[in-house]
Amino acid sequence: MPPVVPAAPRSTPESPADNVTVSCPLVNLLPKLITQILLQLKINDILRVRQTCRHLFKQTKSQKLWASIAQQLLHSPEIIWPSWGLPLDAIPAETIEDLVFRTGRLTEMQRTLWIDDSNKEIRTSFEGLIVRPYDSPMGLHLIRGRWLLVQLNDFTLELWDLDNTTYAHPAATCSQLGGFVDGIVHAESGGNIEIVISTTSFQTYKFAPVLPFKHDPRPSSPNLTVVNSTEGYSSLKARAGQLLAFGASSGNNLRTCIVDESTGNEVELTIGPDVKEVPTQKTLDILIQGDVIFVARHRNLQLYATSDVEQALAHHNPTSSSIRPFQSLTYPGTPLLHNPKFHPNIPSYIKAPRGSIAITHFVDQYWHAFIVQPQGPQADSLHRNYEVLNLYALSRCIDPIYGTSVGDNGYRSAILTPQSLSIHLAKLWENERDDIHMPVLWQIPDAEVDLPRPGCIAFDEATGICVAGMGSGRLWIGDAVTRREPKLSNIPDIQKPMPHPDPRWPELPSFYFWDKVYNGPLSDSDPQEEIVPSWSTAVDHYIPWRNRPETYGGIQWFVENVMGLSGPARTLLFSTELLSQKDIDGSAEFIDVDGTMFLVKNFRELCEVKRLVDGTTLADVIACLKRGGFNELIACNEQSVSDYTALAQHLIWYNPLV
């Protein structure tokens, strides 16, 4: 019978007491026979056997025993085993034992929640805390549930060992990065690991640190030495063998490329002629899966033949350095995609034909999933016909989201809000009251004066460990499977004012378009450059910060974070209602995004963005306003907002200041 995983944390001594003497025929058996006997026991019974004598203590610590137990668990669809925990013969016994316990405990928590969704645990303290300088955390990434990569606002990269008993100093640091990390992938191979990182400065770095597994008893001496670096690409999304997939290139933030790491050759994945709506779409995620490469952009999913890419890379022929998709698809139920993650292995809660993949993403506070599946017989990649269907709602978060991290298998996600860090389970809704699947929630201390860093969250789906980065420099560590007392030392007080909302945009504005009262430089005469009644081009006079590229809340920030485009962007014309001392419901502006005009209507709680007809100029807008309207310039009624999350974060930071 399969072993039964204990449902509560255990505590076992490192070895039986020296004065214990046990006379048992069992110790005279061959080790392989003892292993076979132990495999018939429940986990708790194995742990009791461990405490009887030194000989059996050693037998219950064997790699073969725990690898056999894990192999049995792998057949259960409920068990989420990490990819870094395979192959089992390359994983230490202590690590496998810990994973057996953790995966089993998380499964029990899931079963309990399915029986009664009120069985959630609300914790008022975290299991660990790392303290970094104020306003410094910028990004987090968790490796093997043990090693935490932290980037600070001076571009320094730190590596922390979460298995340590205290968190006084990082295990290793690297000061060679020239920008903020905007993409990271790591690959496991026979116990070795390679980490590839891309930065906003279009530089890519490779590391090959020696990182022991979780609870690995072997001595640890990790390093963050760069073993290779390249230039010209950023927004790293995927890796398959020697192929690296980037969402942006130097000089063009929309240029998606596949690069052969061994030769340096590249091929561009163009958006394709079938996409007519807003061709300036960012690449959000990439999956290289067998003979198909899937590219998720805001409005479209493009599919490319891997064979075409490999052929172009091999020949390095300039005439074939770009490839079009063999199919382009839209997303059902939503015009825009944001925060997506590909899952090459379909989760068991979704029924789909062989060859399908899943995409999970977030719509405001909702976690959703798509299926991308082939239709009909499949001769080869160039003759396949795929479809995107079945929009699934998996879970919901109550508060505005600051960061999400979805597990590779798509069963669990961690969500960071201004008040909490929580783990959510993926489950198809049965009714509207069955939409929050949250087994554990940690309340964030000092939430009224501390702010999470946008996107500063890390999560290991299999171990239940997650980390949240705050503007105060606190890195809160949550462990859903508590096995020991929290590693909390003295928590330093927050002495400074509320942290900067996002140091990637260092300049802070003095007011916003959704303020009720304008507090800018009013003119004694009529509004300057009011070329049409109620409309002015004097943006730099009245709202000087709006067109500055490094302003948090500026138009470049708005275009990148709310609209999902790359720019460059400028506000050309704005409504002078903004200059009124009276309460107003909102204001409006016409903006130029790399040659495409948009109308933006700003309100206190939301905004509306409409794309204008291609080729529209400022002169065209002014001419229409003089005729009394501009509806004829609207290309379509479809919203051009990619994600309201950034706007919600913006208001959370700003409202306490007014």
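Select Phe294 and Tyr386: both are buried, meaning under 20% relative accessible area, with exposed over 50% and partly exposed in between, for a 1.4 Å probe and protein chains only. This is a predicted model, in which local features need pLDDT of at least 70 and side-chain atom pairs count only at pLDDT 80 or more, while totals for chains, interfaces and linings use all residues. Residues are numbered from 1 along each chain as its sequence is written, and side-chain values use heavy atoms, with hydrogens and water left out.

**Aromatic rings**

Stay with Phe294 and Tyr386. Their ring centres are 5.8 Å apart and their planes stand at 85°, so the pair is edge-to-face. Rings of Phe, Tyr and Trp (its six-membered ring) pair if their centres lie within 6.5 Å; planes under 30 degrees apart count as stacked, over 60 as edge-to-face and the rest as tilted. Phe294 belongs to strand E16 (residues 292-297) and Tyr386 to strand E23 (residues 386-396), so select both strands; the two residues are 92 residues apart. Helices (H or I, at least four residues) and strands (E, at least two) are DSSP runs, numbered from the N terminus.

Next, select Tyr552 and Trp557. The ring centres of Tyr552 and Trp557 are 5.3 Å apart with planes at 65°, so this pair is edge-to-face. Tyr552 and Trp557 are both buried.

Then show Phe126, Trp442 and Trp476, which ring pairs link into a cluster. The whole structure holds 16 aromatic pairs.

For a ring with a charge, select Arg144 and Phe213. The charged end of Arg144 sits over the Phe213 ring, 3.9 Å from its centre. The test is that NZ of Lys or CZ of Arg is within 6 Å of the ring centre and within 35 degrees of the ring normal.

**The sheet of 5 strands**

Select strands E11, E12, E13, E14 and E18. They form an open sheet in the order E11-E12-E13-E14-E18, with mixed pairing. Strands E11 (233-240) and E18 (322-323) are at the edges, each with a single partner strand, so one side of each has no neighbour in the sheet. Two strands pair if DSSP finds at least two bridges between them.

Narrow the selection to E13 (residues 257-260) and E14 (residues 266-269), which run antiparallel and are joined by 3 bridges. Val259 has Glu266 in E14 as its bridge partner.

Now pick Ile258, which lies in strand E13. Is Ile258 buried or exposed? Its relative accessibility is 0%, so Ile258 counts as buried. Ala245 is 13 residues from Ile258 along the chain, and their C-alpha atoms are separated by 4.6 Å. Beyond its neighbours within four places in sequence, Ile258 has contacts (heavy atoms within 4.5 Å) that include Leu243, Val267, Ile288, Val309 and Leu313.

Add helix H6 (residues 306-315), which lies across E12, E13, E14 and E18 and runs at about 140° to E14.

**The sheet of 4 strands**

Which strands come next? The order in this open sheet is E7-E8-E9-E10, with antiparallel pairing. Its edge strands are E7 (181-189) and E10 (226-231), each pairing on one side only. Select E8 (residues 192-199) and E9 (residues 203-207): 4 bridges join these antiparallel strands. The bridge partner of Val196 in E9 is Lys206.

Methods. Axes are lines fitted to C-alpha atoms, for helices over the stretch in contact, and angles run from 0 to 180 degrees between N-to-C directions.
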